[in-house]
Amino acid sequence: MAEMTISVSSRTEFGSAASKRLRRRGLVPAIVYGGAADTIPVAVDPKALFKLLRSEAGRNTILTLEIEGSAGDNVIMKDWQVDPVKETFLHVDFHRIAMDKLIRVTIPVAIRGEAIGVKTDGGMLDVVLREIEVECLPADIPERIECEVSELHLHESVRIRDLPLLERVEMLADSDRVVAHVVTIKAEEEAVPEEDEELAEVAPGEEGEPEVTVKGKQEDEAGE
């Protein structure tokens, strides 16, 4: 389990105008919700959020929020909005968690090794699942799920049931789902454009001669 502490400040102004003013000050509007406690609107430094997402556990890091100097609740970063152009945070949701209660989180899949089917058979590794939903206690959240592909030949696959068992962690997806497989690289067939096919069917000097030739003849006749 990865843990991190983030300091946030409470906010009293709400609405889109207030959120814009907050962002101009270099802060991100956020809320803390869940559990028996009330929802708390807060403001957070975006640098702390980038540091969180770039950490080993990423979004599944257990956070301790210090609200204006006082120790707060344990939370996880449940959801966030990002400006698609500026790539800056617009809003963040922090969800309270109880360390003794099961939670559902999405864990990234880490591909390990180079498949035999790629090295020797000319195949291509196709990763179907890049993350898997699991259920566990917060303290047992894994940073990643390892998927070893070294022994895969052409047309072979790794399914969820083939992944190593994680202690005290239940995978919620269907055990028969394919995580990764080696597939054949299909060469794209070059299609002959319809216009070229029509021109190829017309013999030189016949009615289907290019229009520019016909125009040339008419201009010569007119000039005689």
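Okay, let's start at leucine 90. Setting aside neighbours within four places in sequence, leucine 90 is in contact with Arg23, Val28, Pro29, Gln81, Val82 and Asp83. Keep in mind that this is a predicted model.

Where does that residue sit? Leucine 90 belongs to strand β6. Buried or exposed, then? Its relative accessible area is 25%, and since buried means under 20% and exposed means over 50%, leucine 90 is partly exposed. Now look at leucine 27: it is 63 residues away from leucine 90 in sequence, yet the C-alpha to C-alpha distance is 9.3 Å.

Both of those leucines turn up in the lining of the largest pocket. That pocket has a volume of about 190 Å³. Which elements give two or more residues to its lining? Those are α2, residues 46–54, and β6, residues 89–96. Besides the leucines, the lining residues include Arg23, Pro46, Phe50, Lys86, Glu87 and Phe89. By character, the lining splits into six nonpolar, two polar and four charged residues.

Okay, on to a sheet. This one is open, with four strands in the order β10-β7-β9-β12, and the pairing is mixed. At the edges you find β10, residues 145–148, and β12, residues 170–171; each has a single partner strand, so one side of each has no neighbour in the sheet.

Let's pick out one pair from that sheet. Strands β7, residues 103–112, and β9, residues 131–136, run antiparallel and are joined by six bridges. If you want a spot to click on, try proline 108, which stands opposite glutamate 131 in β9.

Terms used: Residues numbered from 1 in each chain as written. Predicted model: local features only at pLDDT ≥ 70, side-chain atom pairs only at ≥ 80, totals over all residues. Heavy atoms only, no water. 1 Å grid on protein atoms, 1.4 Å probe; cavity = no way out; pocket = protein on both sides within 12 Å on 5 of 7 lines; lining within 4 Å. Points joined across faces, edges and corners; volume = space filled by probe spheres on them. Nonpolar A, V, L, I, M, F, W, Y, C, P; charged D, E, K, R; others polar. Buried < 20%, exposed > 50% of the residue type's maximum accessible area, 1.4 Å probe, protein only. Contact = heavy atoms within 4.5 Å. Pairing = 2+ DSSP bridges.
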